[in-house]
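This report describes selected side-chain and backbone features of one protein model. It is written for a reader who has the sequence and coordinates at hand.

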Amino acid sequence: MGYQHPGAFQAFQRGLAQGEEAMETMEAAIAAFLSDGFDVETCFCAIRATNVVVYGLCLEDMAREADAASQIDPELVPVARFPRIHEVMALSERPDTFHFLVEALIAGIEARRSGPR
């Protein structure tokens, strides 16, 4: 969605989605979490945390693609002072941040479950 509608993320900086359609989505998400043994507070936190993670990841990806010049230039970062940054930049493939975040969210939300499965 972020690539097809990049302005949508900027719109969310001005306020939350409004209207019955948005509330139907939220209502369904809360109901799903409640039915799986979570309390209301955890439902809200889980939904909000998921939104924040998705928005942040999409904004970062879109910024990276929009401005290749914003990438870290290894020549400008002294190895002696920043050896760990060079280790990260030397990775042969870009780490799968999306799946890492999904797994972290699931583990964090699961740790807050209040009822039996």
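The text below covers salt bridges, a helix and its following loop, cysteines and a surface patch.

**Salt bridges around R113**

The model is predicted. A search of the whole structure finds 2 salt bridges. General electrostatics gives the background: side chains of opposite charge can pair when their charged atoms come close. D36, E110 and R113 are linked in a network of such bridges. The two pairs are listed here.

| Salt bridge | N to O distance |
|---|---|
| D36 and R113 | 3.1 Å |
| E110 and R113 | 2.5 Å |

D36 is in the loop between α2 and α3, while R113 is in the segment after α5, so their salt bridge ties together parts that are 77 residues apart in sequence. The side chain of R113 is also placed 2.3 Å, by one of its polar atoms, from the backbone oxygen of D36. With the side chain of E110, the side chain of R113 makes a polar contact at 2.5 Å.

How buried or exposed is R113? Its relative accessible area is 15%, and because buried means under 20%, R113 is classed as buried. Its partners fall into another class: D36 is partly exposed with a relative accessible area of 35%, and E110 is partly exposed at 31%.

**Helix α2 and the loop after it**

Helix α2 runs over residues 20–35 and has 16 residues. From its first C-alpha to its last it reaches 22 Å, close to the 22 Å expected at 1.5 Å a residue. After α2 comes G37, which has a positive phi near 95°. D36, already met as a salt-bridge partner of R113, lies in the loop between α2 and α3, the latter spanning residues 40–66.

**Cysteines**

How many disulfides does a search of the whole structure find? The count is 0. For C43, the closest cysteine sulfur belongs to C45 and is 9.4 Å away, too far for a bond because a disulfide needs sulfur atoms within 2.5 Å. C43 is buried, at 0% relative accessibility, whereas C58 is partly exposed, with a relative accessible area of 24%.

**A nonpolar patch**

On the surface, F98, V102 and I106 form a nonpolar patch. Together these residues have about 270 Å² of accessible area. F98 belongs to helix α5, which covers residues 97–111. The relative accessible area of F98 is 44%, so F98 counts as partly exposed.

Conventions:
Residues are numbered from 1 along each chain as its sequence is written. This is a predicted model: local features need pLDDT of at least 70, side-chain atom pairs count only at pLDDT 80 or more; totals for chains, interfaces and linings use all residues. Side-chain values use heavy atoms; hydrogens and water are left out. Patches are made of residues with over 30% relative accessible area and no salt bridge: like charges are joined within 9 Å, nonpolar side chains (Val, Leu, Ile, Met, Phe, Trp, Tyr) within 5 Å. Accessible areas come from the Shrake-Rupley method with a 1.4 Å probe; for residues, only the protein chains shown count as cover. A salt bridge is a side-chain nitrogen of Lys or Arg within 4 Å of a carboxyl oxygen of Asp or Glu. Helices (H or I, at least four residues) and strands (E, at least two) are DSSP runs, numbered from the N terminus. Buried means under 20% relative accessible area, exposed over 50%, partly exposed in between (1.4 Å probe, protein chains only). The expected span of a helix is 1.5 Å times one less than its number of residues. A polar contact is a pair of N or O atoms within 3.5 Å; within protein, one must be able to donate a hydrogen and the other to accept it, and residues adjacent in sequence count only if both atoms are side-chain atoms.
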